[in-house]
Amino acid sequence: MEREVRDTFPELRVGRLDRDVVEHRGAAERVIDAFSEGRLDILVGTSLVAKGLDIPSVTLVGIVSSDIALNLPDERAAERTYQFLVQAIGRAGRGDRAGRAIVQTYQPEHPAIVAAASGDRIAFYDAELALRQRFGSPPFGRRVKLTVGLADRDGAEREAAATAERLRERARTRGGAVTVVGPAPAYIARRADRWRWNIVLRGDDPVALLDGGPDAPWSVDVDPESLL
């Protein structure tokens, strides 16, 4: 993107702010200072650009691939997308001049995109709340994410399948309103040389279904911030 901008606007001074820049001590501050003081005309960056920059001279914000996070297998993907877009859009027009934001998206009708573009946060809140109620997600229910990680790929899959079946049988026997979802490979399937599988429990009290377990090599995350 930086190269595209430089090729398109060769007469303008372009800076970049991303993880590669931040890793160098003092580099991020130098880029932000140059942009704030007018020594840079365009600042290209990742989500770092959307957080906390209060520069009155900024009048235009462009967001590329704004909907990419909506495709993540996470129930809070829409919420996080909306938060990011509102933050990014808010960087423009903080001074005396009006601001404008251009949002690139393949899903222009998605509630998160519509709400961010229109400024109608109540519409997004209502749509998101209705969706969570439909699937029993917080605040209408609770969730537990179980993750197993083993060095042997097939062994991890077998362990996940066996545990899921035991939990389903326990749920059927007790007659409680707990749904066992999975098992499924974790979004990042291999980490630290271990193959990872997830099981998700949904219901009013999914923790009770665990009976204090499971033990290692399982990890238990109650009401997780993310299902990734």
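Asp-193 lies in the loop between strand S6 (178–191) and S7. In this predicted model, phi of Asp-193 is near 65°, a positive value in a residue other than glycine. Most residues other than glycine have a negative phi, and most peptide bonds are trans. Asp-193 has a relative accessible area of 56% and is therefore exposed, the cut-off for that class being over 50%.

Ser-65 also has a positive phi without being a glycine, with a value near 50°. Ser-65 sits in the loop between S3 and H4. Its relative accessibility is 31%, so Ser-65 counts as partly exposed. A glycine with positive phi is found just after H5, where Gly-119 takes a value of about 80°.

Departures from the usual backbone geometry also occur at peptide bonds. The bond from Gly-213 to Pro-214 is cis, with omega near -10°. Pro-214 is placed in the loop between strand S7 (194–203) and strand S8 (218–222). The bond from Ala-216 to Pro-217 is cis as well, and its omega is near 15°. Pro-217, too, belongs to the loop between S7 and S8.

The loop that holds Ser-65 joins S3 to H4, and the description can continue from there. Along S3 the side chains alternate between two faces. Val-61 and Ile-63 point to one face and are buried, whereas Leu-60 and Gly-62 point to the other and are not. S3 pairs with S4 in the parallel sense, over four bridges. Within this pairing, Gly-62 stands opposite Ile-102 in S4. Between the two strands the chain passes through H4, and the resulting β-α-β crossover from S3 to S4 is right-handed.

The helix of this crossover, H4, spans residues 77–89 and has 13 residues. From its first C-alpha to its last, H4 reaches 18 Å, close to the 18 Å expected at 1.5 Å a residue. Which residues of H4 are buried? They are Ala-77, Ala-78, Thr-81, Tyr-82, Leu-85 and Ala-88. These residues cover an arc of only 135° around the axis, and so they lie on the same side of H4. What do the buried residues of H4 pack against? Their partners are strand S3 (60–63), strand S4 (100–103), helix H5 (111–118) and helix H6 (121–135).

Two of the buried residues of H4, Thr-81 and Tyr-82, can be followed individually. Thr-81 is placed in helix H4. Its relative accessible area is 3%, so Thr-81 is buried, since the limit for that class is under 20%. With neighbours within four places in sequence left aside, Thr-81 is in contact with Ser-66, Ala-69, Leu-70 and Ile-113. One of these contacts, Ile-113, is itself among the buried residues of H5.

Tyr-82 counts as buried because its relative accessibility is 14%. A pair of aromatic rings is described by the distance of the centres and the angle of the planes. The structure holds one aromatic pair. The rings of Tyr-82 and Phe-124 have centres 4.5 Å apart and planes at 15°, so this pair is stacked; the limit for stacking is under 30 degrees. Tyr-82 lies in helix H4 and Phe-124 in helix H6, so the pair ties together parts that are 42 residues apart in sequence. Phe-124 has a relative accessible area of 7% and is therefore buried.

Helix H5 also takes part in the packing around H4. The buried residues of H5 are Ala-112, Ile-113, Ala-115 and Ala-116. They cover an arc of only 170° around the axis, which means that they are on the same side of H5. These buried residues pack against H4 and H6.

Helix H6 contains Asp-126 in addition to Phe-124. Asp-126 has a relative accessibility of 45%, so Asp-126 counts as partly exposed, whereas Phe-124 is buried. The C-alpha atoms of Asp-126 and Pro-108 are separated by 18 Å, and the two residues are 18 residues apart along the chain.

Definitions and conventions
Residues numbered from 1 in each chain as written. Predicted model: local features only at pLDDT ≥ 70, side-chain atom pairs only at ≥ 80, totals over all residues. Heavy atoms only, no water. Expected span 1.5 Å × (residues − 1). Buried < 20%, exposed > 50% of the residue type's maximum accessible area, 1.4 Å probe, protein only. Arc of directions from axis to C-beta. Contact = heavy atoms within 4.5 Å. Pairing = 2+ DSSP bridges. Right-handed = clockwise from strand over helix to strand, strands pointing away. Phe/Tyr/Trp six-rings, centres within 6.5 Å; stacked < 30°, edge-to-face > 60°.
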